[in-house]
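User: Could you take a close look at the salt bridges in this model and at the part of the structure around them? I am new to it, so a connected account would help.

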Amino acid sequence: NLDLCDDAKKKQIQEFTAMGADKREVEIKEKEDTLAKLESDFKAFVDGLQAQYKAKSDEKDAAVAAIKSGSLGLLKSVHAFEK
């Protein structure tokens, strides 16, 4: 219903109609391809961040485990005993 559209939308609809079916299909494909690329790039970015997060988290966990399994427990015990 064109009656419900504002003047800007009506003008845009007229421009799209004047384009012809082939040109509209090309425009639609280009815009859909652009959207797909944006989504793909964003997913790759997020995947990279997740990989970095996992690597740093694993690194931290290993360092914490090494400290805890090392002499930290014994050091705390001796310190508490000496107080």
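Analyst: In this predicted model, the count of salt bridges comes to seven, and among them is the pair formed by Glu27 and Lys23, whose side chains meet at 3.5 Å, N to O. Both residues lie in helix α2, four residues apart, which is about one turn of the helix. Glu27 counts as partly exposed because its relative accessibility is 22%, and buried would require a value under 20%. Lys23, with a relative accessible area of 41%, is partly exposed as well.

These two residues also belong to the place where two helices meet. The axes of helix α1 (residues 7–19) and helix α2 (residues 21–82) come within 6 Å and cross at roughly 110 degrees, and α1 is therefore roughly perpendicular to α2. On the side of α1 the contact is made by Phe16, Thr17 and Met19, while α2 contributes Ala21, Lys23, Arg24 and Glu27. Sorted by class, the residues of this contact are three nonpolar, one polar and three charged.

Further along α2, the side chains of Lys37 and Asp41 form another salt bridge, at 2.9 Å from N to O. Lys37 and Asp41 are separated by about one helical turn because they stand four residues apart in helix α2, and Asp41, at 39% relative accessibility, counts as partly exposed. A salt bridge also joins the side chains of Lys60 and Asp61, with 3.1 Å between N and O, and here Asp61 is partly exposed, its relative accessible area being 38%.

Conventions. Residues numbered from 1 in each chain as written. Predicted model: local features only at pLDDT ≥ 70, side-chain atom pairs only at ≥ 80, totals over all residues. Heavy atoms only, no water. Axes fitted to C-alpha atoms, helices over the stretch in contact; angles between N-to-C directions. Parallel < 35°, antiparallel > 145°, perpendicular 65-115°, else oblique. Contact = heavy atoms within 4.5 Å. Nonpolar A, V, L, I, M, F, W, Y, C, P; charged D, E, K, R; others polar. Salt bridge = Lys/Arg side-chain N within 4 Å of Asp/Glu carboxyl O. Buried < 20%, exposed > 50% of the residue type's maximum accessible area, 1.4 Å probe, protein only.
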